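Visitor: Please choose one part of this model and take me through it closely, with the cut-offs behind each term that you use.

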Amino acid sequence: SHFFAEQIDLAKHELNFGSTEKGLQIWRRLYVRFPDLCLTSEKALNLFIDLGCHDEADVLIMEARRRFPRYKAIYAAAFARVAYRRGDLDEALRRCDEVRRRFPRIADGYCLAGACLADLGRDDEADAMLARGVSKLSSDMELHVQYAQHAARRHAWEDAFRRWEVVRRQFGENAVGWLGAAECLKQMGRLPEAERLLSDACEYLDKNPWPFVELAHLATLKGDSDDAADRWEAI
């Protein structure tokens, strides 16, 4: 299982860097060796869908539902993800409705629906959907992140900042909340506060490079090229 997880991470890495074909080759090799793991791992199924194999994924999900009925919540969410990745947003919304009705504690029922509504230009509905998910699943980081990102995409910087602050307080070991909150402060012209926040992040997350990178960018934004050069050299 350790090897399997390692290879799934490698395939996802290839996808993230644009090597979809390499990622798919890794996934297919794993499926030959470990078909049951591929069908019962939420991460593996979602990766297969994100790699663009939508029709095949529908077939695999149907097979998996028959063979592994106790994973039905995973398959309902994956079924909705297939429709979303295929671009069939109305069908994805219908499938998300089914996920929320049958499995209200599954975050994808809200995350995917929010993404669909945003893509359809129904921003207020998307915001309400994500707010509903956050209220029901307050410990799910991905929901909180998407909720904050949605406000940032609308340039509602005050709302986005408050939402990122929730992420930072609840999930402070992850840099995303710190960086999101600092970006909002920058967009609002509150550069000294952004600098203090990023400095705190560097101290708290001293092994993570991204707060240090953002401090260097901030120095450039302030016009302090010497400070920026020193920060890049330190990085």
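Guide: What follows begins with one helix and its surroundings, then turns to salt bridges and to the surface. The model is predicted, so local features are described only where pLDDT is at least 70 and side-chain atom pairs only at pLDDT 80 or more, while totals for chains, interfaces and linings use all residues. Residues are numbered from 1 along each chain as its sequence is written, and side-chain values rest on heavy atoms, with hydrogens and water left out.

As a frame for the close view, the chain has 15 helices and 0 strands; these elements are DSSP runs (H or I of at least four residues for helices, E of at least two for strands), numbered from the N terminus. The C-alpha trace spans about 60 × 40 × 25 Å along its principal axes. Of the 235 residues, 47% are buried, where buried means under 20% relative accessible area, exposed means over 50%, and partly exposed lies in between (1.4 Å probe, protein chains only). Among contacts with a separation of 6 or more, 49% join residues 24 or more positions apart, a contact being heavy atoms within 4.5 Å.

The part chosen is helix α12, which covers residues 175-187. Cys-184 lies in helix α12 and counts as buried because its relative accessible area is 1%. Setting aside residues up to four places away in sequence, Cys-184 touches Trp-157, Ala-160, Phe-161 and Trp-164. Lys-186, found in helix α12, has 18% relative accessibility and therefore counts as buried. Apart from neighbours within four places in sequence, the contacts of Lys-186 are with Leu-191, Ala-194, Glu-214, Leu-218 and Leu-221.

The C-alpha atom of Cys-184 is 8.9 Å from that of His-155, although 29 residues separate the two along the chain. His-155 sits in the loop between α10 (141-153) and α11 (157-170) and, because its relative accessibility is 56%, counts as exposed. Most residues other than glycine have a negative phi. The phi of His-155, however, is near 60°, which is a positive value in a residue other than glycine.

The loop that follows α12 is reached by a salt bridge, a term used here for a side-chain nitrogen of Lys or Arg within 4 Å of a carboxyl oxygen of Asp or Glu. Glu-158 pairs in this way with Arg-190, the closest N and O atoms being 3.9 Å apart. Glu-158 belongs to helix α11 and Arg-190 to the loop between α12 and α13 (191-204), so the pair ties together parts that are 32 residues apart in sequence. Each partner is partly exposed, Glu-158 because its relative accessible area is 42% and Arg-190 because its value is 25%.

This bridge is one of 25 in the structure. Another joins Arg-95 to Asp-58, with the closest N and O atoms 3.7 Å apart. That pair links distant parts of the chain, since Arg-95 is in helix α7 (residues 89-102) and Asp-58 in helix α5 (residues 54-67), 37 residues apart. Arg-95 counts as buried at 10% relative accessibility, and Asp-58 counts as buried at 15%. Both take part in a network of salt bridges that links Asp-55, Asp-58, Arg-86, Glu-91, Arg-94 and Arg-95. The bridge between Arg-122 and Glu-125 has its closest N and O atoms 2.9 Å apart; here Arg-122 is partly exposed at 33%, and Glu-125 is partly exposed at 40%.

On the surface, Asp-224, Asp-226, Asp-230 and Glu-233 gather in a patch of negative charge. Patches are built from residues with over 30% relative accessible area and no salt bridge, like charges being joined within 9 Å and nonpolar side chains (Val, Leu, Ile, Met, Phe, Trp, Tyr) within 5 Å. Asp-226 has its place in helix α15 (residues 225-234) and is exposed at 59% relative accessibility. A nonpolar patch is formed by Phe-212, Trp-232 and Ile-235, with about 280 Å² of accessible area together. Ile-235 belongs to the segment after α15 and, at 47% relative accessibility, is partly exposed.

Methods. Accessible areas come from the Shrake-Rupley method with a 1.4 Å probe; for residues, only the protein chains shown count as cover. Lys and Arg count as positive and Asp and Glu as negative; His and the chain ends are not counted. The place of a charge is taken as NZ of Lys, CZ of Arg, CG of Asp or CD of Glu.
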